[in-house]
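Got the viewer open? Here is a tour that goes selection by selection, so keep the command line handy.

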Amino acid sequence: MNLLKGEHILLRALDPTDLELLYEWENDTTIWMVSGTQTPFSRFVLEQYLTSSHQDIYTNKQLRLIIEFFEDTEDDIGYPVGCIDLFDFDPKNMHAGIGILIGDKEMMNHGFATEALGLLINYCFKTVNLHQIYCNITTENEASLHLFKKMGFEITGLKQDWIYHDGKFHDEYILQLINK
């Protein structure tokens, strides 16, 4: 049994063949507000990132996995639809941040984010032995708020005027899921 494989998706490590996808997703200005990106990424910078992505979470303090959808699980040929990240990994205090992107807009609202988040939560609590994971979501991002709350995350704080985007400030929630 593969811990990172669900009914319809697989969470897999980054591969050099993911360069063009990462280039497209990282340079999509429509998501820069939620990703904290302010400048475009070059292919060179992303190649360097891919080169070091094989290091484990204890070395990099982060982990990015590709969300791969399987139309036909018999031949195990998948289609990358997004990515899911652990960041700010703190092994001493046993917590990390989590972020998710369904980069293929046509594949949104098919349950892939829910399945991916469930797999990663299981991985965080059972394999990495984290005590808690958290995420930051702007108050107007209803889809992400619904996803994380559905998966058991609770809003534990509000950061007022936290994100400056398109000429105005936006509030941001912090949500946490504690491994009881």
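Start at Asn 129, which you'll find in the loop between α5 (112–126) and β5 (132–138). Check its backbone: phi is near 60°, a positive value in a residue other than glycine. That's worth a look because most residues other than glycine have a negative phi. Keep in mind that this is a predicted model.

Now hop to Lys 61, in the loop between α4 (57–60) and β2. Phi of Lys 61 is positive too, near 65°, and again the residue isn't glycine. Is Lys 61 buried or partly exposed? Lys 61 has a relative accessible area of 35%, so it goes down as partly exposed.

**Zoom out to the whole chain**

Colour by secondary structure. You should be able to pick out 6 helices and 7 strands. Going along the sequence, they come in the order β-α-α-α-α-β-β-β-α-β-α-β-β. How compact is the chain for its length? The radius of gyration is 16 Å, close to the 16 Å that the globule rule gives for 180 residues, so the chain is as compact as a globular protein of that length.

If you draw a box along the principal axes, the C-alpha atoms fill roughly 50 × 40 × 35 Å. Switch on a surface next: the chain exposes about 10400 Å², with carbon and sulfur atoms supplying 51% of that. Of the 180 residues, 41% count as buried. For a contact map, take the contacts with a separation of 6 or more; residues 24 or more positions apart account for 57% of them.

Then colour by charge. There are 13 positive and 28 negative charges, and the mean positions of the two sets are 8 Å apart.

**Salt bridges**

Side chains of opposite charge can pair when their charged atoms come close. How many salt bridges does the structure hold? The count is 7, and three of the pairs are on this tour.

Select Asp 85 and Arg 64 first. Their side chains form a salt bridge at 2.7 Å, N to O. This pair links distant parts of the chain, with Asp 85 in strand β3 (residues 77–90) and Arg 64 in strand β2, 21 residues apart. Both Asp 85 and Arg 64 are buried. While you're at it, show Glu 68 together with Arg 12 and Asp 18: salt bridges that share partners join these residues into one network.

Stay on part of that network and put a distance label between Asp 18 and Arg 12. The bridge between their side chains reads 2.8 Å, N to O. Asp 18 counts as buried at 2% relative accessibility, and Arg 12 is buried as well, with a relative accessible area of 16%.

The next pair is Arg 43 and Glu 20, whose side chains meet in a salt bridge at 2.9 Å, N to O. Arg 43 lies in helix α3 (residues 43–52) and Glu 20 in helix α1 (residues 19–26), so the pair ties together parts that are 23 residues apart in sequence. Arg 43 is partly exposed at 36% relative accessibility, and Glu 20 is partly exposed at 42%.

**Around Glu 26**

Remain in helix α1 and select Glu 26. Its relative accessibility is 15%, so Glu 26 counts as buried. Which residues does Glu 26 touch, leaving out those up to four places away in sequence? Show Trp 32, Thr 37, Phe 41, Leu 46 and Arg 64. You've met Arg 64 already, as the salt-bridge partner of Asp 85. For a longer ruler, measure from Glu 26 to Ala 116: the two are 90 residues apart in sequence, and their C-alpha atoms are 19 Å apart in space.

**Two last stops**

Go to Ile 67, in strand β2 (residues 63–72). With 0% relative accessibility, Ile 67 counts as buried. Draw a line from Ile 67 to Trp 162, 95 residues apart along the chain, and you should get 29 Å between the C-alpha atoms.

Finish on Ser 52 in helix α3. Ser 52 counts as partly exposed, at 26% relative accessibility. Its C-alpha is 24 Å from that of Cys 135, and the two residues are 83 apart in sequence.

Conventions:
Residues numbered from 1 in each chain as written. Predicted model: local features only at pLDDT ≥ 70, side-chain atom pairs only at ≥ 80, totals over all residues. Heavy atoms only, no water. Helix = DSSP H or I, 4+ residues; strand = E, 2+ residues; numbered from the N terminus. Rg over C-alpha atoms; globule rule 2.2 N^0.38 Å. Buried < 20%, exposed > 50% of the residue type's maximum accessible area, 1.4 Å probe, protein only. Contact = heavy atoms within 4.5 Å. Areas by Shrake-Rupley, 256 points an atom, 1.4 Å probe, with all protein chains shown as cover. Lys, Arg positive; Asp, Glu negative; His and termini not counted. Charge placed at Lys NZ, Arg CZ, Asp CG, Glu CD. Salt bridge = Lys/Arg side-chain N within 4 Å of Asp/Glu carboxyl O.
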